[in-house]
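Reader: Hi! I'm new to reading protein structures. Could you walk me through this one?

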Amino acid sequence: MNTSLDTIRHYLHANAELSGKEKLTATSIVGWLQEAGANRIVTGLGGHGVAGVFSGSKTGPRVMLRAELDALPITEKEDGREWRSQNEHVAHSCGHDGHMTILLGIAKKLVSTSPVRGEVVLLFQPAEETGAGARAVIESEKFDTSLYPDVAYALHNQPGRPFGEISIREGSFACASRGMIIRLHGYCSHAAHPEQGLSPVRAMCRLLEALEQLPQSLPTSKDLRLVTAVHAQLGEVTFGTTPGEAIVMATLRTATDVLMQPLVKAAHDLIERVTQEAGLTYDIEFRDIFAAVINDQQATTDVIHCAQKCGKMLTLLEATNRWSEDFGVYSTVCRCAMFLLGAGETARVLHDSAYDFPDALIEHGVEMFWALLNEQQLFAD
């Protein structure tokens with residue numbers, strides 16, 4: 001692999017693709033893995049997912065490092081950068097271009113330093129932003145026992161934290177969440193005779209307020225439970241007709257998967273009560289379902305030890321991160337740990353249309369992942 005890592009990231013950034021549509025990105029990844037001499041390359045994992053496998057000659061652990069292929073439906077802010085996204089309303093505003101580049105940096109190192117024992121699996125996962133990708137990978141027929149890792153690690157860049165800092169916590173690391181779509185059904189009438197219709201306007205307003213207060217109605221918990229109203233739509237844009245339909249959308253968020261089910265039930269009960277009182281019918285749909293990321297004790301200890309060995313600033317987080325990440329699904333097949341890589345205290349926040357993963361951060365991610373591979377004794381005779 002002769003291409004510089006900065007150049008690779010700029011290419012990935014310029015050619016950002018949405019969840020489930022990462023065909024060009026995956027093809028490019030395959031080419032770079034071939035250049036790096038991967039012993040085996042598996043494609044079509046849960047869609048466009050790619051795994052590059054680097055094998056040692058002796059028995060040892062299989063260690064998986066994961067990055068994400070997909071970008072966000074965001075129009076990138078024009079700031080003059082040559083590598084700005086060439087795809088309209090698609091941008092790597094979460095830094096997944098940097099995460100992929102870090103894994104390719106590991107592939108570059110594996111060109112000259114192959115594992116002696118065990119295997120390294122570099123997984124480039126599709127559709128992380130929708131919460132569908134990790135589950136699709138695991139359920140894929142191609143993700144068989146020849147790919148099942150003993151331990152898996154992932155990182156996420158984090159603006160607002162010191163540059164190059166490693167932060168982690170054992171147990172609940174990132175929240176479970178799900179998007180809830182509530183459709184309210186009444187019937188329309190002429191706007192001159194609103195009494196002849198059945199408008200969902202009052203029920204919609206009640207739900208918008210009551211949903212956000214829902215966590216306070218549940219038994220007290222020291223762990224996070226949060227409901228955030230994110231969208232509402234009422235009727236059609238016409239002055240002559242009363243609304244007969246409404247949509248309310250909210251995100252339910254909890255520190256653990258166990259806490260999610262009571263919150264979902266409470267939301268169901270609330271909607272049932274409000275619609276019954278209003279004489280409406282309703283239906284509910286869930287999207288973007290994320291499991292909580294739960295960090296394994298030993299895998300977390302590995303990350304802490306490697307951060308210290310690499311001389312990194314290290315912070316042990318006191319609280320679960322409020323955002324969600326579907327890396328948690330891999331806990332069903334192996335021990336896992338995810339950590340944060342500080343992107344600088346003055347950097348733009350994630351999902352900002354002007355966010356651009358710092359090139360100088362790549363080497364910090366590569367150093368940490370390389371240390372974690374060494375921690376597993378993959379290169380020892």
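**Two domains and what lies inside**

Author: Happy to! Twelve residues of domain 1 are in contact with eleven residues of domain 2. Keep in mind that this is a predicted model.

Reader: Okay, so where does each domain run in the sequence?

Author: The domain assignment puts 5-173 together with 292-376 in domain 1, while domain 2 covers 176-290. Their C-alpha centres are 35 Å apart.

Reader: And how many helices and strands are there?

Author: The protein has eight helices and 14 strands.

Reader: What about the overall dimensions?

Author: Taken along the principal axes, the C-alpha atoms fill a box of roughly 80 × 45 × 45 Å. The radius of gyration is 23 Å, which agrees with the value near 21 Å for a compact globule of 381 residues.

Reader: How much of the protein is buried?

Author: Of the 381 residues, 54% count as buried. The accessible surface comes to about 16600 Å², and carbon and sulfur atoms account for 50% of that.

Reader: Nice. Can we zoom in on a helix? How long is α2?

Author: Helix α2 spans residues 23-35, so to speak, and has 13 residues. From first C-alpha to last it reaches 19 Å, close to the 18 Å expected at 1.5 Å a residue.

Reader: Which of its residues are buried?

Author: In α2 the buried ones are T25, A26, S28, I29, V30, W32 and L33. These buried residues pack against several elements, including α1 (5-14), β1 (40-45) and α3. Just after α2 comes G37, with a positive phi of about 80°.

Reader: You mentioned α3. Which residue there should I look at?

Author: Try D97, which lies in helix α3 (residues 96-112).

Reader: Is D97 buried or exposed, and why?

Author: D97 is buried, because its relative accessible area is 0%, and buried means under 20%. Its side chain joins that of R9 through a polar contact of 2.7 Å. Leaving out residues up to four places away in sequence, D97 touches R9, L12, H13, H92 and F357.

Reader: Let's switch to loops. Where is E325?

Author: E325 is found in the loop between β13 (314-316) and β14 (335-342).

Reader: Is E325 buried or exposed?

Author: E325 counts as buried, because its relative accessibility is 1%.

Reader: What does its side chain reach?

Author: The E325 side chain reaches the backbone nitrogen of F327 at 2.9 Å. The side chain of E325 also makes a polar contact with the side chain of R66, at 2.6 Å.

Reader: And which residues does E325 touch?

Author: Not counting residues up to four places away in sequence, E325 touches R66, E68, E128, H156, F290, A291, V293 and M338.

Reader: How does that fit the contacts across the whole protein?

Author: Among contacts between residues at least 6 apart in sequence, 81% join residues at least 24 apart.

Reader: One last helix, please. How many residues of α8 are buried?

Author: Eleven of the 14 residues of α8 are buried, so the helix is mostly covered. Among them are I362, H364, F369, W370 and E375. Helix α8 (residues 362-375) reaches 20 Å from its first C-alpha to its last, close to the 20 Å expected at 1.5 Å a residue.

Reader: What comes just after α8?

Author: Just after α8, Q377 takes a positive phi of about 65°.

Notes. Residues are numbered from 1 along each chain as its sequence is written. This is a predicted model: local features need pLDDT of at least 70, side-chain atom pairs count only at pLDDT 80 or more; totals for chains, interfaces and linings use all residues. Side-chain values use heavy atoms; hydrogens and water are left out. Helices (H or I, at least four residues) and strands (E, at least two) are DSSP runs, numbered from the N terminus. The expected span of a helix is 1.5 Å times one less than its number of residues. Buried means under 20% relative accessible area, exposed over 50%, partly exposed in between (1.4 Å probe, protein chains only). A polar contact is a pair of N or O atoms within 3.5 Å; within protein, one must be able to donate a hydrogen and the other to accept it, and residues adjacent in sequence count only if both atoms are side-chain atoms. Contact means heavy atoms within 4.5 Å. The radius of gyration is taken over C-alpha atoms; the globule rule is 2.2 Å times the number of residues to the power 0.38. Accessible areas come from the Shrake-Rupley method with a 1.4 Å probe; for residues, only the protein chains shown count as cover. Domain bounds come from an automatic or database domain assignment.
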